[in-house]
Amino acid sequence: MVAKYVWNLFHNFSGHCIRNFTDLAEKWPCGKSWNLTNSISAGILWGIWLTRNDFVFKNQVWRDVKTVLRRI
């Protein structure tokens, strides 16, 4: 649910809807016209991944979505 919330924020900001991996992957080979979208989406993926790793490997406790947003 957190990832979905973050992707909805991205949609509200950019107007680009990322519903699944296919939506995201289709934009990567599109060249310069999607550079900003690709950069932001890479940051989102990285932020979600790092937060997830903290929970799994460092036993951190969930507080709120701001934890993920700060990582991004």
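# Close-up views of a predicted model

**Figure 1. The loop residue N59.** N59 lies in the loop between α3 and α4. The structure shown in this and the following views is a predicted model. The phi angle of N59 is near 55°, a positive value in a residue other than glycine. Most residues other than glycine have a negative phi. With a relative accessibility of 64%, N59 counts as exposed.

**Figure 2. The salt-bridge network of D54, K58 and R71.** Side chains of opposite charge can pair when their charged atoms come close. Salt bridges link D54, K58 and R71 in a network. Between the side chains of D54 and K58, the salt bridge has an N to O distance of 3.6 Å. D54 is buried, at a relative accessible area of 8%, whereas K58 counts as exposed, at 57% relative accessibility. The side chain of D54 also meets that of R71 in a salt bridge, here at 2.5 Å, N to O. This second pair links distant parts of the chain, with D54 in helix α3 (residues 35-57) and R71 in helix α4, 17 residues apart. R71 counts as partly exposed, and its relative accessibility is 35%.

**Figure 3. The salt bridge between D23 and R19.** A search of the whole structure gives 3 salt bridges. In one of them the side chains of D23 and R19 meet, with 3.5 Å from N to O. The acidic partner, D23, is buried because its relative accessible area, 10%, is under 20%. R19 has a relative accessibility of 62% and counts as exposed, because this value is over 50%.

**Figure 4. The aromatic pair W7 and F10 in helix α1.** The structure holds 2 aromatic pairs. W7 and F10 form an edge-to-face pair, with 5.7 Å from centre to centre and 90° between the planes. Both residues, W7 and F10, belong to helix α1 (residues 2-14), where they are 3 residues apart, about one turn of the helix. W7 is buried, with 12% relative accessible area. F10 is buried as well, with a relative accessible area of 3%.

**Figure 5. The aromatic pair F55 and W62.** The ring centres of F55 and W62 are 5.7 Å apart. Their planes stand at 70°, so the pair is edge-to-face. Planes over 60 degrees apart count as edge-to-face. F55 counts as partly exposed at 26% relative accessibility. W62 is also partly exposed, and its relative accessible area is 38%.

**Figure 6. Contacts of R52 with W49 and N53.** R52 lies over the face of W49, at a distance of 4.9 Å from the ring centre. The side chain of R52 is also joined to that of N53 by a polar contact of 2.7 Å. N53 is in helix α3. The relative accessible area of N53 is 18%, and the residue is buried.

**Figure 7. A nonpolar surface patch.** The residues Y5, L9, L69 and I72 make a nonpolar surface patch of about 320 Å². One of these residues, L9, is in helix α1 and is partly exposed, with a relative accessible area of 32%. Another patch residue, L69, has its place in helix α4 (residues 66-71). L69 is partly exposed at a relative accessible area of 35%.

**Figure 8. The separation of L9 and K58.** This view joins a patch residue to a member of the salt-bridge network: L9 is part of the nonpolar patch, and K58 is part of the network with D54 and R71. L9 and K58 are 49 residues apart along the chain, and their C-alpha atoms are separated by 27 Å. L9 is partly exposed, whereas K58 counts as exposed.

Terms used. Residues are numbered from 1 along each chain as its sequence is written. This is a predicted model: local features need pLDDT of at least 70, side-chain atom pairs count only at pLDDT 80 or more; totals for chains, interfaces and linings use all residues. Side-chain values use heavy atoms; hydrogens and water are left out. Rings of Phe, Tyr and Trp (its six-membered ring) pair if their centres lie within 6.5 Å; planes under 30 degrees apart count as stacked, over 60 as edge-to-face and the rest as tilted. Helices (H or I, at least four residues) and strands (E, at least two) are DSSP runs, numbered from the N terminus. Buried means under 20% relative accessible area, exposed over 50%, partly exposed in between (1.4 Å probe, protein chains only). A charge sits over a ring if NZ of Lys or CZ of Arg is within 6 Å of the ring centre and within 35 degrees of the ring normal. Patches are made of residues with over 30% relative accessible area and no salt bridge: like charges are joined within 9 Å, nonpolar side chains (Val, Leu, Ile, Met, Phe, Trp, Tyr) within 5 Å. Accessible areas come from the Shrake-Rupley method with a 1.4 Å probe; for residues, only the protein chains shown count as cover. A salt bridge is a side-chain nitrogen of Lys or Arg within 4 Å of a carboxyl oxygen of Asp or Glu. A polar contact is a pair of N or O atoms within 3.5 Å; within protein, one must be able to donate a hydrogen and the other to accept it, and residues adjacent in sequence count only if both atoms are side-chain atoms.
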